[in-house]
Amino acid sequence: MNPKLSDISLPSRLAAEGEGIGMEELALAARNHGLPLEALRHDVTPPGLHYLLTHYDIPHVDPGMWSLRVGGLVGTPLALTLDELKAMPSRTVRVTMECAGNGRAALVPRPVSQPWLVEAVGTAEWTGVPLRDVLERAKPGEDGVDVVFTGADHGIERGVEQDYRRGLPLAETRGEDVLLAYAMNGADLPPQHGFPLRLIVPGWYGMASVKWLCDLEVTGSAFTGFQNAVAYRVRHGEDEDGEPVSWMAPRALLIPPGFPDFLSRHRIVRPGTVELAGRAWSGRAPVSEVEVSADGGEHWWSATLAAETGHRWAWRRWTTTWEARPGQHELSVRAVDGSGNGQPARQAWNRRGFANNAVHRVRVTCLADQG
């Protein structure tokens, strides 16, 4: 019998009751990695600590042979080399990027996929050419609807062989901070982060920022490829069309205080004043408030937000103090943005575990004084 792609790449599924993380999920977790939460201390995340998700393989791209093709419904098709892109006026934007599946592993039942906890995030300074400048050269037609971005990574997902491709409404490409980026934190893009060129869409979940970019196509209708129409949609029932994943929901994270147990990561502190700090962000509007609780969410107090730095798309640091007393505690943190969007105490479930921004909780044991 001839094998079929659908025999190799199975449909999405939910973990059975009591089913632990499987070998396939462990293999994904070994390839992809989150940000160690103690690295939230950095305003800008070092590239090796920035979260990473690679859908298929990291492709090998020879920059001397590479060019970016721009076509479809345009008046002037283009083929731009890396040197030609670097010769155009550039822009550097600090952007917090989060995976759409962040928090998925805590859902019940658990969607079987990359088992993120809450660490799938990072902030980098991306340098490149504003996408709108390249599109202006290509002269999109008035009937253009979407721009389809194709990466060089190729694989199978749920039985569909494909390049990684995402469509973005043409209207969303006109912001000055949407970049065709060739540098990360002042250096060439690392291979795992999209060398030689990637898309950066500030404020959106990371699936929109296509890596290893090789082709842009202006289309006269909304893109209905796999990554838009099948993946990255919030569905509650298997047969629902669902809503597309787009802007990041508000989230605050706490740098775990004290020191950890090796296996469980349970935190240990000493009695007295404990400094608490972390980061908060939202794609829809700037963060306006962060609140902290030391009793599992029964009572909250306001943390101090760092002053605005002019980086609209980057996380903000927050700080406060907590008087730790011997015993077991659950620290919690939540953010609200300027549009009034906040974080739920418990996450509303969906089949793929997307846009999960439940309150961050950290269990802490305060040890009694030894003297």
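**Exercise 1. Cysteines**

Determine whether Cys99 is buried or exposed in this predicted model, do the same for Cys366, and state how many disulfides are counted.

*Solution.*
Step 1. The relative accessibility of Cys99 is 6%. Buried means under 20% relative accessible area, so Cys99 counts as buried.
Step 2. For Cys366 the relative accessible area is 3%, and this residue is therefore buried as well.
Step 3. A disulfide requires a pair of cysteine sulfur atoms within 2.5 Å. The count by this rule is zero disulfides.

**Exercise 2. Asp146 and its surroundings**

Locate Asp146 among the strands, decide whether Asp146 is buried or exposed, and find which backbone nitrogen its side chain reaches.

*Solution.*
Step 1. Asp146 belongs to strand 5, which covers residues 146-157.
Step 2. With 6% relative accessibility, below the 20% cut-off, Asp146 is classed as buried.
Step 3. Apart from residues up to four places away in sequence, the residues touched by Asp146 include Gly167, Leu168, Pro169 and Leu170, and also Glu217, Val218 and Phe223.
Step 4. One of these partners shows how sequence and space can be compared: Asp146 and Pro169 are 23 residues apart in sequence, while their C-alpha atoms are 4.3 Å apart in space.
Step 5. The side chain of Asp146 reaches the backbone nitrogen of Phe223 at 2.8 Å.

**Exercise 3. Asn228 in a helix**

Identify the helix that holds Asn228, and state which backbone nitrogen lies 2.8 Å from a polar atom of its side chain.

*Solution.*
Step 1. Asn228 is placed in helix 5, which spans residues 226-229.
Step 2. The relative accessible area of Asn228 is 13%, so the residue is buried.
Step 3. Leaving out residues up to four places away in sequence, Asn228 touches Arg165, Arg166, Gly167, Phe223 and Arg233. Gly167 and Phe223 are also among the residues that Asp146 touches.
Step 4. The backbone nitrogen in question is that of Gly167.
Step 5. Asn228 and Leu168 are separated by 60 residues in sequence and by 9.1 Å in space, C-alpha to C-alpha.

**Exercise 4. Two buried polar side chains**

Describe which partners the side chain of Arg316 meets, and which backbone atoms the side chain of Gln343 reaches.

*Solution.*
Step 1. Arg316 lies in strand 20, residues 316-324. Its relative accessible area is 16%, and Arg316 is therefore buried.
Step 2. A polar atom of the Arg316 side chain lies 2.4 Å from the backbone oxygen of Ala306. In addition, the side chains of Arg316 and Glu308 are joined by a polar contact of 3.3 Å.
Step 3. The contacts of Arg316 beyond its neighbours within four places in sequence include Gly278, Arg279, Ala280 and Val287.
Step 4. Gln343 is in the loop between strand 21 (327-337) and strand 22 (360-366). At 11% relative accessible area, Gln343 is buried.
Step 5. The side chain of Gln343 reaches the backbone nitrogen of Ala335 at 2.8 Å and the backbone oxygen of Ala358 at 3.2 Å.

**Exercise 5. Backbone geometry**

Find which peptide bond leading to Pro109 is cis, which residue a cis bond joins to Pro196, and what sign phi has at Lys139 and Ala355.

*Solution.*
Step 1. Recall the general pattern: most residues other than glycine have a negative phi, and most peptide bonds are trans.
Step 2. The bond from Val108 to Pro109 is cis, with omega near -5°. Pro109 sits in the loop between strand 3 (91-98) and strand 4 (121-130).
Step 3. Phe195 and Pro196 are also joined by a cis peptide bond, with omega about 10°. Pro196 is in the loop between strand 8 (187-188) and strand 9 (198-200).
Step 4. Lys139 is not a glycine, yet its phi is positive, about 60°. Lys139 occupies the loop between helix 4 (131-138) and strand 5 (146-157).
Step 5. Ala355 likewise has a positive phi, about 55°, and lies in the loop between strand 21 and strand 22. Its relative accessible area of 25% makes Ala355 partly exposed.

**Exercise 6. The cavity**

State how many cavities of 30 Å³ or more are counted, and describe the lining of the largest cavity.

*Solution.*
Step 1. The count is one cavity, and the volume of the largest cavity is about 240 Å³.
Step 2. Its lining consists of 21 residues, and those nearest the centre are Leu53, Arg198, Gly206, Ser209 and Lys211.
Step 3. By class, the lining has 11 nonpolar, seven polar and three charged residues.

Methods. Residues are numbered from 1 along each chain as its sequence is written. This is a predicted model: local features need pLDDT of at least 70, side-chain atom pairs count only at pLDDT 80 or more; totals for chains, interfaces and linings use all residues. Side-chain values use heavy atoms; hydrogens and water are left out. On a 1 Å grid over the protein atoms alone, a cavity is a set of points where a 1.4 Å probe fits but cannot get out, and a pocket is an open set with protein on both sides within 12 Å along at least five of seven lines; lining residues have an atom within 4 Å of a point. Grid points are joined across faces, edges and corners, and a volume is the space filled by probe spheres set on the points. Ala, Val, Leu, Ile, Met, Phe, Trp, Tyr, Cys and Pro count as nonpolar, Asp, Glu, Lys and Arg as charged, and the others, Gly among them, as polar. Helices (H or I, at least four residues) and strands (E, at least two) are DSSP runs, numbered from the N terminus. Buried means under 20% relative accessible area, exposed over 50%, partly exposed in between (1.4 Å probe, protein chains only). Contact means heavy atoms within 4.5 Å. A polar contact is a pair of N or O atoms within 3.5 Å; within protein, one must be able to donate a hydrogen and the other to accept it, and residues adjacent in sequence count only if both atoms are side-chain atoms.
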